[in-house]
Amino acid sequence: MQSQARGSFLSIVLLAAIFLAALLVRLYDITDAPLEVHPTRQMRAALIARAFYYPANPEIPPERVQFALDQRSQVGVIEPSILEYLTARLYRLKGAEEPWLGRLISIAFWLAGGWAVYSLTAEMGNKPGALVALLYYLFLPFAVRFSRALLPDPMMVAASAAGLWGLYRWQRTADVRWALLAGALTGFAILAKSVAGIILILPFAVFILSAHSLKTALKNRHIWLIFLLAALPSAAYYFWGLVLDGRLAAQFSGRFFPDLWGDMLLYKSWGKRILLEFSLPAFILAMLGILLARDKLIRRLLFAWWAGYFIYGMLFSYHIMTHDYYHLPMVPLAAVSLGIALSSLVDLASKRNWKRPALIALTLAGAGFAAYGS
């Protein structure tokens, strides 16, 4: 009992140290202007946050308030301004307009997503594999850069990973609380950025129908609860934006380019981005994770998750080629798949009486090399 308690305490300390290190890495030069990645998109978020903050601050002159509102009207409407609203709330707490405060929100969501990645991998594999998944998710340089940006993508990606964790927990426990969590987190992810729905719909459908027949699924109140919580928030927003307000209609033009599907440049650019940001060793091992997963249900979930990412990339083929942050949803997917592959290797080592600590050290070193090489 004492050794178990000691092991549990050391695990908690290790996880706390990892999350603290991940936070400190992201706090480096945090007060700099948000110009390091996609400055136009980040400055758009800063303008919207200002438009939320100025009218609520009686010290701001009326002409400056009106100017901020005019700027807000010129940037257009895309997804709900959740990040910008939260940023403005932090402005009010601090009493000043400081765009770096919005970075803290992105960081907080990304770190919370790290817990979901760790927990999901630990349940589908084991703790050593989950540790590798967490390290990859938190310290991949590509993820570090974009998880501190004034973009809705870190929020969307983290909530997507948490939604899948909630779904997996619900399937294992049949607890309505996990159904509520899975639906609410998925609904938030899709509301934060609608492309999350494209990525998540396939793994959700495949995972549910792998465990339940279609007839049983249609009668399951928990599944309906998950579906409604996942779909209603964004459905209400797009009903407002397309039918009542009309300003969202312009967002659906000039986004889909099926002609690019026959252009090899799309696939070369996509593959080059994966090699550059994720590294070839990590990508190959992540792909092996689909085959090495311990049971059919997990294999199907991983395959469907990858397929959802591929469909999303094909639908937004132009953006996959030109907007590197469109690859951010691959980070938790690659991390979990990588962790599952290494979990299988650790299990194999245990069965064959290999030196477990040596294998764990080797896999951790491999994950670090993969992240460093990217």
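Begin by selecting His327, which touches Phe142, Trp270, Arg273, Phe278, Tyr309 and Ile320 when residues up to four places away in sequence are not counted (contact means heavy atoms within 4.5 Å). The model is a predicted one, in which local features need pLDDT of at least 70 and side-chain atom pairs count only at pLDDT 80 or more, while totals for chains, interfaces and linings use all residues. Residues are numbered from 1 along each chain as its sequence is written, and side-chain values use heavy atoms, with hydrogens and water left out.

Staying on His327, show the backbone around it: the residue lies in the loop between helix H16 (317-322) and helix H17 (330-351), helices being DSSP runs of H or I with at least four residues, numbered from the N terminus. His327 counts as buried because its relative accessibility is 0%, where buried means under 20% relative accessible area, exposed over 50%, and partly exposed in between, with a 1.4 Å probe and protein chains only.

Next, add Ile320, whose backbone oxygen is reached by the side chain of His327 at 2.9 Å. Then select Trp270, which is 57 residues from His327 along the chain, with 9.0 Å between the two C-alpha atoms.

Now move to the surface and select Leu275, Leu280, Ile284, Leu288, Leu291, Leu292, Leu345 and Leu348, which make a nonpolar patch of about 660 Å² (patch residues have over 30% relative accessible area and no salt bridge, and nonpolar side chains are joined within 5 Å; a salt bridge puts a side-chain nitrogen of Lys or Arg within 4 Å of a carboxyl oxygen of Asp or Glu). Helix H14 (280-292) and H17 each give two or more residues to this patch, and the largest share, five residues, comes from H14.

Finish on Leu292, in helix H14, which counts as partly exposed because its relative accessibility is 35%.

Note on methods. A polar contact is a pair of N or O atoms within 3.5 Å; within protein, one must be able to donate a hydrogen and the other to accept it, and residues adjacent in sequence count only if both atoms are side-chain atoms. Patches are made of residues with over 30% relative accessible area and no salt bridge: like charges are joined within 9 Å, nonpolar side chains (Val, Leu, Ile, Met, Phe, Trp, Tyr) within 5 Å. Accessible areas come from the Shrake-Rupley method with a 1.4 Å probe; for residues, only the protein chains shown count as cover.
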